[in-house]
Amino acid sequence: MDNVELTDDRIQDFATDESGSMTLFTLFMVIMMVMVGGIGVDLMHAELDRVHRQQALDRALLAAADLDQTLEPEEVIRDYFKKSGLDGQASNIKVTTSSTNRVVSAESLAQVPTSFMAALGNPDLASYATGSASEVVPNVEISLVLDISGSMRYSDRMTELRPAARNFIDSVIDDVSSNYTSVNLIPYAGQTNVGPFMFNRLNGQRYVQPPLDPSLGGDENGLYPNVSSCLELNSSDFGHSSLPLGASYDQTPHFMNWTIASDVMDWGWCPQDQSSIVYASNNKTDLKNLVTNMRMHDGTGTAYAMKYALALLDPTSQPHFAAMAGAGLMPSQFANRPAQWNSPLTTKYIILMTDGQITEQIRPVDALAEENPTVELQNRDKSDKTQISSSSTNVSRFYQSCDLAKSASRNVTVYTIAFEAPAAAVEQMQKCASSASHFYNVDSSEINDVFQAIARQVRQLRLTN
């Protein structure tokens, strides 16, 4: 009987004994943590595969959508996948191409084997990537503004600018885009030369050439030289975005202020006619020839250049473009440009490069003085020259045109480049640009890369999905 009672007590003690329960709970929790950690590892492996797959697909799509790409888009995508270790894993490749755009889409799906989740009945996880890319060549109107002031001769800046500008022209005008892209090439120094044809259309009044012996600077006919076509604008002309609207405009005199470096410069505050504006051109040869051959001149009148850069994108200039096309001075397909500001099919750009701050505007007191073609004003009596506008006034006029360009009603994209420029010029270019990302402060080693970066943005190659 005692033995039975003892056995019952032991059973009762065993039933109420909790020793070792934490061990069982801990073992259960460890198993659960291992399972959750294992699931996490499997998910991480699947996500890493997806990211690798998506990155390979994005690179492939951008390369395939490039309108300069000579290979078939599908071939490009499959080659990118092969080189990324994903051979044969691109699918559902679709390509839509027209003369002005290419859209490419594709996807990639794979099953990534699992380690821990396989024990739960999930032997693999899906890794999926999809996307599309496009390059669109809309109607593009560009005003390319290049500083040809005398300071560009220092540190080989002009030597570095020429190939950079030529490469930019090659990039924005190619076999695909040439019928849709027009470039106004605007060289400028102290003033901006609109060219003889536009000078006459804008009511320019040429000075009568008095006799002047060639030994004193006269031309081959023994007359005072008349080799430039710059208009003396009024202050009101900077308050609107159209071409000059006055009833008449005097011609800027033929003179120099600073000492000429005759090996690389031509005489004139106003650039001579061979360095005048080229209007709405898609002729790469003509544009690049001007870049190659343009000679430096005196002064830095950026306000004039910016004024014309915007005016040549203003739809009110269309009658002048039509007249130039009719005279064979512009491709006939651009006779209806500039497009309306709100045209959904047209984008407008100003790309402005300078190496110097905006200067005062000075003139000889006597516009036809015999010394003007041969002796710089700084080397003459102070009474021989006068200031027609201060540097601060010209900076304000410059900002007026910048603000007009960037206004919501026009929405012109303005890129500015300060090329080894002093602090004042850097500030002027920063304030004019459409945003901080549209401004570049560069040296000679970077000028070509910057022009190429802008060209790529103009071409609008982008991922769309």
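**Exercises on helix packing and nonpolar cores**

In α4, the buried residues (under 20% relative accessible area, 1.4 Å probe, protein chains only) are R157, M158, L161, R162, A164, A165, F168, I169 and V172. This is a predicted model, in which local features need pLDDT of at least 70, side-chain atom pairs count only at pLDDT 80 or more, and totals for chains, interfaces and linings use all residues. Residues are numbered from 1 along each chain as its sequence is written, and side-chain values use heavy atoms, without hydrogens and water.

**Exercise 1.** Determine what covers the buried residues of α4.

*Solution.* Apply the contact criterion, heavy atoms within 4.5 Å. The covering elements include β4 (139-147), β5 (181-188), α6 (284-293), β9 (346-354), β12 (413-419) and α11 (447-459).

**Exercise 2.** Classify the arrangement of α9 and α10.

*Solution.* Step one: the axes of α9 (residues 391-406) and α10 (residues 423-432) come within 9 Å and cross at roughly 25 degrees. Step two: angles under 35 degrees count as roughly parallel, and α9 and α10 are therefore roughly parallel to each other. Step three: V395, F398, Y399, C402 and K406 of α9 meet E427, Q428, M429, K431 and C432 of α10.

**Exercise 3.** Describe the largest nonpolar core.

*Solution.* A nonpolar core is a set of buried Ala, Val, Leu, Ile, Met, Phe, Trp, Tyr and Cys residues joined through side-chain atoms within 4.5 Å. The largest has 49 residues, and M306, I350 and F398 have the most contacts inside it. Helix α7 (residues 302-311) gives the most to this core, with eight residues.

Technical notes:
Buried < 20%, exposed > 50% of the residue type's maximum accessible area, 1.4 Å probe, protein only. Helix = DSSP H or I, 4+ residues; strand = E, 2+ residues; numbered from the N terminus. Axes fitted to C-alpha atoms, helices over the stretch in contact; angles between N-to-C directions. Parallel < 35°, antiparallel > 145°, perpendicular 65-115°, else oblique.
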